[in-house]
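Student: I should like to go through the terms applied to this structure and learn how each is justified.
Tutor: Then let us take them in turn, setting each value against its criterion.

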Amino acid sequence: MVERVKTGIPGMDEILNGGIPVRNVVLLSGGPGTGKSIFSYQYLWNGLKQGDPGVFVALEEHPVQVRINMAQFGWDVRQYEREGVFAIVDAFTGGIGEAAKRERYVVRDPEDIGLLSDVLREAIRDVGAKRVVIDSVSTLYLAKPALARRTVMLLKRILSGLGTTSILVSQVSVTERGFGGPGVEHAADGIIRLDLDEVDGQLVRSLIVWKMRGTSHSMRRHPFEITSKGIIVYPDKVVRLGRVYRVEDLGS
Ligand SMILES: Nc1ncnc2c1ncn2[C@@H]1O[C@H](COP(=O)(O)OP(=O)(O)O)[C@@H](O)[C@H]1O
Ligand SMILES: [Mg+2]
């Protein structure tokens, strides 16, 4: 029996046949607006609710904005931060600004992967993190794609080595079919791809589990929704994207 971490996202653990195997480093890839950040927040929040401490590494947004974004779904993490079971690593501000001075975990130079690793390790140890999210890893190597694999391998050693089950958010462009580049895709233990497709003048959300070490999983493309309470995945429905778009009920 593999030990698993439940995402707690309605429908998601069903298509993962129980959850993400412990210590896996999962690439969560998708274009802009596909729900990567919301998925990540929900994963961490559900962990906190069931006693799993967590760390969120903010590379794309100000930590203050991350707290606001989460609170919009009813996920107010401030109490957990005070209790010392949740931490946001500020790899966004570089320590610049009044609000940044109040952050506890600040990466002075987010370009410096060595520095980022040190602050990340410290935060994981302090809170005893079981779940970690890095949003996004793409930011770390946008300017130097040759470093992508090395960067992800380094993070993987830290995250898996410290016993966490983690999500690395990977940004791909709207039209790209891949998950963030060959180096990154092969290094990851799992790949979940979120999609947003325009069909007949309407945007349709779907996701697919492309790879997940240590478990079997659904091989289908499932529809999902983003609501005021977060993401809901439909394991009993499948999306066919093609000339005609259809959501089919698998029945049960
Ligand atoms: N309360 C909400 N109800 C429904 N959809 C929402 C809500 N809040 C945000 N969204 C949708 O989520 C999208 C942003 O999701 P996000 O996780 O930030 O995307 P990504 O990180 O992949 O760029 C928005 O473009 C919007 O479509
Ligand atoms: Mg995002």
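**Exposure, backbone and packing**

Tutor: In this predicted model, D200 counts as exposed, with 7 C-beta neighbours inside 10 Å.

Student: What makes D200 count as exposed?
Tutor: A residue is exposed if 12 or fewer other C-beta atoms lie within 10 Å of its own. D200 has 7 such neighbours and therefore counts as exposed. D200 is found in the loop between β9 (190-199) and β10 (202-212), and its phi is near 50°, a positive value in a residue other than glycine.

Student: Why is N17 called partly exposed?
Tutor: The term applies between the limits of 12 or fewer for exposed and 20 or more for buried. N17 has 15 other C-beta atoms within 10 Å, so it is partly exposed. N17 lies in the loop between α1 (12-15) and β2 (20-21), and also has a positive phi, near 55°.

Student: Which value of omega goes with the peptide bond from D135 to S136?
Tutor: Omega is near -5°, and the bond is cis. S136 sits in the loop between β7 (131-135) and α7 (138-141).

Student: How do you know that the span of helix α6 is close to the expected one?
Tutor: The expected span is 1.5 Å times one less than the number of residues. Helix α6 (residues 113-127) has 15 residues, for which 21 Å is expected, and its first and last C-alpha atoms are 21 Å apart. Just after α6, G128 takes a positive phi of about 70°.

Student: Why are the buried residues of α6 said to line one face of the helix?
Tutor: The buried residues are L116, V119, L120, A123, I124 and V127. Seen down the axis of α6, they fall within an arc of 135°, so they line one face. An α-helix has 3.6 residues a turn, so residues three or four places apart point the same way. The face turned away from the buried side of α6 carries the exposed residues G114 and R125.

Student: Which elements do the buried residues of α6 pack against?
Tutor: They pack against β4 (54-58), β5 (86-90), β6 (105-106), β7 and α8 (148-161).

Student: How do the residues of the shell around ligand 1 divide by polarity?
Tutor: There are three nonpolar, seven polar and one charged, with Gly counted as polar. The residues around ligand 1 include G30, P32, K36 and I226. α2 gives the most to this shell, with three residues.

Methods: Residues numbered from 1 in each chain as written. Chains lettered and ligands numbered in written order. Predicted model: local features only at pLDDT ≥ 70, side-chain atom pairs only at ≥ 80, totals over all residues. Helix = DSSP H or I, 4+ residues; strand = E, 2+ residues; numbered from the N terminus. Near = placed C-beta within 6 Å. Arc of directions from axis to C-beta. Contact = placed C-beta atoms within 7 Å.
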